[in-house]
Amino acid sequence: MTEPDRVGLLEGLRSTPSRRYLSDTPIPDDVLWELLDAAVRGPSGGNRQQWGWVVVTDAGAKERIAVHYREGWEAAYGVRRDELLDPARDGAAEGLSPSSFRATEHLAGHLAQAPVLVVPVLRNAAGSTDKRLGASIYGAVQNLLLAARAYGIGGVLTSFHLTGEAEIDELLGLPADATTMGLVPLGYPARGRWSLPHRRPVAEVVHWGRWGEVRHGSSGR
Ligand SMILES: Cc1cc2nc3c(=O)[nH]c(=O)nc-3n(C[C@H](O)[C@H](O)[C@H](O)COP(=O)(O)O)c2cc1C
């Protein structure tokens with residue numbers, strides 16, 4: 001098995017942005033297994049682990065999922081391409097920079113090329129209104145992405161597949177009470193690099209003791 005990088009925990013979590021330019025190089029099964037083993041170490045309410053992780057590598061199945069994903073992308077962002085890529089627009093301020101737009105568009109056009117699509121699924125979740133629902137799986141999803149980082153594998157938590165949710169549930173043979181909580185394409189990055197994700201500074205989003213109370217960390221961040 002390929003050995004993981006000896007990247008430190010904090011360095012790893014500070015240098016794991018979305019990776020959307022993925023090569024079609026296969027991920028060895030034993031590596032994939034390690035990633036999934038790291039994922040299932042994540043938290044869930046009462047440690048109930050009502051999850052299932054569907055690993056999709058079949059080209060036909062990936063393509064069928066990709067059709068819905070592209071539709072979702074098109075409806076949400078593709079239709080706004082000119083507006084969102086307008087040089088006069090401050091994309092970074094709104095969150096979706098032109099480079100993020102292009103990367104997201106690229107993934108939407110090449111989803112099926114990713115060697116693996118991991119679909120995190122929760123049981124007893126279909127139609128749920130429980131505000132805590134996602135908390136019982138997204139920590140584990142982040143574990144998956146961070147473990148992937150250790151093996152030089154990139155990915156991103158996505159949701160555009162939801163346009164075809166019913167068809168995808170059927171394609172994957174999900175139980176009636178289960179719901180997909182995301183779709184994580186994984187692959188060895190074809191371009192880009194591991195780098196600090198752009199975020200609002202800590203001091204801007206932290207409220208010390210009470211909402212609105214500002215405090216600066218010792219590093220000035
Ligand atoms: C709820 C949710 C849904 C998302 N859906 C998609 C998606 O469908 N496609 C995609 O490419 N990225 C998707 N993302 C990824 C976000 O765009 C990404 O986390 C954000 O832009 C930060 O990226 P960065 O870590 O590279 O800075 C989603 C993220 C979340 C949390």
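These legends accompany a set of views of one predicted model.

**View 1. The whole chain and its order of elements.** Let's start with the overall layout: the chain holds 9 helices and 5 strands. Following the sequence from its start, the elements come in the order α-α-β-α-α-α-α-β-α-β-α-β-β-α. The radius of gyration is 18 Å, close to the 17 Å that the globule rule gives for 221 residues, so the chain is as compact as a globular protein of that length. If you like to think in box dimensions, the C-alpha trace spans about 50 × 45 × 40 Å along its principal axes.

**View 2. Helix α3 packed against helix α8.** Here you can find helix α3 at residues 59-76 and helix α8 at residues 165-172. Their axes lie 10 Å apart and make an angle of about 170°. Angles over 145 degrees count as roughly antiparallel, and α3 and α8 are therefore roughly antiparallel to each other. Their crossing is left-handed. On the α3 side, look for A61, R64, I65 and H68; on the α8 side, the partners are E167, I168 and L171. Sorted by class, the residues of this contact are 4 nonpolar, 1 polar and 2 charged.

**View 3. Helix α2 packed against helix α7.** This close-up shows helix α2, residues 29-39, with helix α7, residues 138-150. The two helices pack at an angle of about 145°, and their axes are 7 Å apart. The crossing of α2 and α7 is right-handed. From α2, the residues to pick out are E34, L35, A38 and A39, which meet A140, V141, N143, L144, A147 and A148 of α7. This contact between α2 and α7 is made up of 8 nonpolar residues, 1 polar and 1 charged.

**View 4. The shell around the ligand.** Our last stop is the ligand, which is surrounded by 13 residues. To get your bearings, begin with the closest ones: P17, S18, T158, F160 and P197. Taken by class, the shell around the ligand consists of 6 nonpolar, 6 polar and 1 charged residues.

Key. Residues are numbered from 1 along each chain as its sequence is written. This is a predicted model: local features need pLDDT of at least 70, side-chain atom pairs count only at pLDDT 80 or more; totals for chains, interfaces and linings use all residues. Axes are lines fitted to C-alpha atoms, for helices over the stretch in contact, and angles run from 0 to 180 degrees between N-to-C directions. Helices (H or I, at least four residues) and strands (E, at least two) are DSSP runs, numbered from the N terminus. Angles under 35 degrees count as roughly parallel, over 145 as roughly antiparallel, 65 to 115 as roughly perpendicular and the rest as oblique. A crossing is left-handed if the near helix is turned anticlockwise from the far one by less than a right angle, and right-handed if clockwise. Two residues are in contact if their C-beta atoms, placed from the backbone, lie within 7 Å. Ala, Val, Leu, Ile, Met, Phe, Trp, Tyr, Cys and Pro count as nonpolar, Asp, Glu, Lys and Arg as charged, and the others, Gly among them, as polar. A residue is near a molecule or strand if its C-beta atom, placed from the backbone, lies within 6 Å of it. The radius of gyration is taken over C-alpha atoms; the globule rule is 2.2 Å times the number of residues to the power 0.38.
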